[in-house]
Amino acid sequence: VGSEMCIRDRNSYLTFKNLKITNSFRQGFLGGCDHCVIENSYFENNGFNRPTLDHNMYIAGDTTGMRIVGNELYQSTKINGRCNGASLVVHGKQKGLLIENNLVREDLDAVEPGCWGISINPGYKNDPESFADVIIRNNTIVNVGNVSIGVTACSDCVIENNVIIQEQSFASRAILAPDRERQTDDTM
């Protein structure tokens, strides 16, 4: 699904606060908007239909100044009792995104390799994507599986002061940059 299909109209300055979103079939949160905030909310077991395509939180579209702060994300894309998709995914064109003070976690020995923590990377074919001035800081990421924090096509991005605990029984990566091959029209 291209970003043009995810975000049809522009929203700005919305605040999503103190929510509890659990057991949603596809996505716990899907969207993006300028200067919007998702904070102090709890996401659990969202996106249990399509491995690697469904998520607790999926930020999409072309946005400026989004803030994702103080949330807890747990059991993403849980299929047959195991995490199968990234908990927090960002695609599109994002500028000034802040991801801070979040807890992203999974249970020990309950993840598949497609289970990731925070993933900011191109996901659309034939739709240029870029991530500029992104800050990922002071997050705690526990036992999420293959990659704790992954970024691609990120310019002037800062990843700092995160706590990553990975005790799964297979090889994993704390931070992977780039975490995938970018397309020729994505930002270098």
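Accessible areas, as used here, come from the Shrake-Rupley method with a 1.4 Å probe. By this approach the protein, examined as a predicted model, exposes about 8,600 Å². Carbon and sulfur atoms supply 47% of that exposed area. Of the 188 residues in the protein, 50% are buried.

The overall dimensions were examined next. Along the principal axes, the C-alpha atoms fill a box of roughly 40 × 35 × 30 Å. The radius of gyration of the protein is 15 Å, which agrees with the value near 16 Å that a compact globule of 188 residues would have. The secondary structure consists of one helix and 24 strands. Among contacts with a separation of 6 or more, 70% are accounted for by residues 24 or more positions apart. With regard to charge, the protein carries 17 positive and 23 negative charges, and the mean positions of these two sets are 3 Å apart.

Strand 16 illustrates how an individual element is placed within the fold. This strand covers residues 116–120. Five of its five residues are buried, so strand 16 is largely enclosed by the rest of the structure. Strand 16 is paired with strand 12, which comprises residues 88–90. These two strands run parallel and are joined by three bridges. Within this pairing, Val89 stands opposite Ser119 of strand 16. Strand 16 also pairs with strand 20, formed by residues 147–151. The pairing of strand 16 with strand 20 is again in the parallel sense and extends over four bridges. Here Trp116 stands opposite Val147 of strand 20. In a regular strand, the side chains alternate between the two faces of the sheet.

A loop position was also examined. Gly65 lies in the loop between strand 7, residues 62–64, and strand 8, residues 67–69. The relative accessible area of Gly65 is 17%. Because buried residues are those under 20%, Gly65 is classed as buried. When residues up to four places away in sequence are not counted, Gly65 touches His35, Cys36, Lys95 and Gly96. Of these contacts, the one with Cys36 can be described further: Gly65 and Cys36 are 29 residues apart in sequence, and their C-alpha atoms are 7.0 Å apart in space.

Key. Residues are numbered from 1 along each chain as its sequence is written. This is a predicted model: local features need pLDDT of at least 70, side-chain atom pairs count only at pLDDT 80 or more; totals for chains, interfaces and linings use all residues. Side-chain values use heavy atoms; hydrogens and water are left out. The radius of gyration is taken over C-alpha atoms; the globule rule is 2.2 Å times the number of residues to the power 0.38. Buried means under 20% relative accessible area, exposed over 50%, partly exposed in between (1.4 Å probe, protein chains only). Contact means heavy atoms within 4.5 Å. Lys and Arg count as positive and Asp and Glu as negative; His and the chain ends are not counted. The place of a charge is taken as NZ of Lys, CZ of Arg, CG of Asp or CD of Glu. Two strands pair if DSSP finds at least two bridges between them.
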